[in-house]
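Me: I'd like to learn how to read a structure feature by feature. Could you walk me through this one, with the general idea before each case?

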Amino acid sequence: MACASFAKLNAASSSWIGQQSFGQRPGYSSTLLTTRRVSLPIRASSYKDELVQTAKSIASPGRGILAIDESNATCGKRLASIGLDNTEVNRQAYRQLLLTTPGLGEYISGAILFEETLYQSTTDGKKFVDCLHDENIVPGIKVDKGLVPLPGSNNESWCQGLDGLASRSAEYYKQGARFAKWRTVVSIPCGPSALAVREAAWGLARYAAISQDNGLVPIVEPEILLDGDHGIERTLEVAERVWAEVFYYLAENNVVFEGILLKPSMVTPGAEHKEKACPETIAKYTLTMLKRRVPPAVPGIMFLSGGQSEVEATLNLNAMNQCPNPWHVSFSYARALQNTVLKTWQGRPENVEAAQKALLVRAKANSLAQLGKYSADGESEEAKKGMFVKGYTY
């Protein structure tokens, strides 16, 4: 039954691709498209070799990405959960705790920073970027400007930030950033509409091209939200549709696939679905989607956790690494690495060391999962608590 369901979905999605993504685009003749592709020379990014090397470094065995790129408003919500005010001093203190954790580079290859953090230093005056370099961790930067309503859609969103992106990216590179992140979202309960999918894919592709032109490896992240009561088959269908459109536009924008990283959602049932899926099922559906849509030239798949519990995110990643994959399959987690850390710290200086040890525990667990060697034996009850928030915003 499962195989028949996969075959049916594959045929349907292939039909969608032919009609919507790889066929004739609205408003363009096939002759014009062919002429354009033949007659216009493509200038390769002067950073191409560096981009490829950076992507390979981040996609290194047993390592993944620590995402601490929450906006000041979202960081404020995290701090409020432990009774702290949302001030620059408190945000700096928390990020210093994370970025100065001894030995973090054994498990973490890249750290996504918010703009404020990229330019900050420790209380001793050492730049956070230099703290990362000392641990052989590549600094990254969130470059999108957030989600706003998409006119003409079914209450869906689109992502801002292309205006001025080239100049901002050049400045981030000078400051030490070597990769970038742009997050847009797709909502299954809202459709998704063809307009929202196309807008998400086009925005990601333009961002990726601009990033590469300025020396930054782009993380491509069309997050398919967990919101909804749909089954896992529906998530698979939408994910295939979204990634088909994304790669169409990445190719149209001459993005170098060897110099990008992906940050997809895992293929799971909606958070409100009556039946939960086990890690083996999630791995099966997720890898099926990736193998149908992602070229092997892409060096790394760095999954987002999307509100899963710390243990769930790690177990699912581990299940996906039980067999060899064409790409480095790893993690780019925020809450799934930080939740226990934040609760251990509580804003108290005397708890910093214990909080850093908690971070290393989670980082090591996901490192083992990237290698397919993780076991959940001995995990705390706190780490098993889900973190899904309906309509969650960064």
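Reply: Sure, let's begin with polar contacts. A polar contact is a pair of N or O atoms within 3.5 Å; within protein, one must be able to donate a hydrogen and the other to accept it, and residues adjacent in sequence count only if both atoms are side-chain atoms. Here, the side chain of Gln96 reaches the backbone nitrogen of Thr123 at 2.9 Å. Before we go on: this is a predicted model, where local features need pLDDT of at least 70 and side-chain atom pairs count only at pLDDT 80 or more, while totals for chains, interfaces and linings use all residues. Residues are numbered from 1 along each chain as its sequence is written, and side-chain values use heavy atoms, with hydrogens and water left out.

Me: Where is Gln96 found, and why does Gln96 count as buried?

Reply: Look in helix 5, residues 88–99. Helices (H or I, at least four residues) and strands (E, at least two) are DSSP runs, numbered from the N terminus. Buried means under 20% relative accessible area, exposed over 50%, and partly exposed in between, with a 1.4 Å probe and protein chains only. Gln96 counts as buried because its relative accessibility is 19%. For neighbours, contact means heavy atoms within 4.5 Å. Leaving out residues up to four places away in sequence, Gln96 touches Thr122, Thr123 and Phe128.

Me: Let's try another residue. Which residues does Leu51 touch?

Reply: Beyond four places away in sequence, Leu51 touches Ser45, Gln212, Gly215, Leu216, Val217 and Gly259. Leu51 sits in helix 3, residues 48–58, and is buried because its relative accessible area is 1%. Gly215 is 164 residues away along the chain, yet the two C-alpha atoms are separated by 6.5 Å.

Me: How do I read the chain as a whole? How many helices and strands are there?

Reply: The protein chain has 14 helices and 10 strands. Of its 394 residues, 57% are buried. Among contacts with a separation of 6 or more, 81% link residues 24 or more positions apart.

Me: Now the strands. In what order do the strands close into a barrel?

Reply: Two strands pair if DSSP finds at least two bridges between them. In this model, 8 strands close into a barrel in the order 1-2-3-6-7-8-9-10, with parallel pairing. Start at strand 1 (residues 64–68), where 5 of the 5 residues are buried. On one side, 5 bridges join strand 1 to strand 2 in parallel, and Ile68 has Leu113 of strand 2 as its bridge partner. Strand 1 is also joined to strand 10 (residues 328–333), again in parallel, by 2 bridges; there Leu66 stands opposite Tyr333. Going on round, strand 2 (residues 108–113) pairs with strand 3 (residues 138–142) in the parallel sense over 4 bridges, with Ala111 opposite Pro139.

Me: What about empty space? How many cavities of 30 Å³ or more does a search find?

Reply: Rolling a probe the size of a water molecule over the atoms shows where empty space is left. On a 1 Å grid over the protein atoms alone, a cavity is a set of points where a 1.4 Å probe fits but cannot get out, and a pocket is an open set with protein on both sides within 12 Å along at least five of seven lines; lining residues have an atom within 4 Å of a point. Grid points are joined across faces, edges and corners, and a volume is the space filled by probe spheres set on the points. The search finds 4 such cavities in the whole structure, and the largest has a volume of about 160 Å³. Its lining has 22 residues, with Ile224, Leu226, Ser265, Met266 and Thr268 nearest the centre. Strand 7 (217–224) and helix 10 (232–252) each supply at least two lining residues.

Me: And which element gives the most to the lining of the second largest pocket?

Reply: That's helix 12, with 3 residues. The second largest pocket has a volume of about 340 Å³. It is lined by 17 residues, and Thr268, Lys276, Ile282, Gln308 and Glu312 are the closest to its centre. Helix 11 (279–293) and helix 12 (310–320) are the elements giving two or more residues to that lining.

Me: Is helix 12 mostly covered or mostly open?

Reply: Mostly covered: 9 of its 11 residues are buried, including Val311, Leu317 and Met320. The buried residues of helix 12 pack against helix 11, strand 9 (300–303), strand 10, helix 13 (335–345) and helix 14 (352–370).
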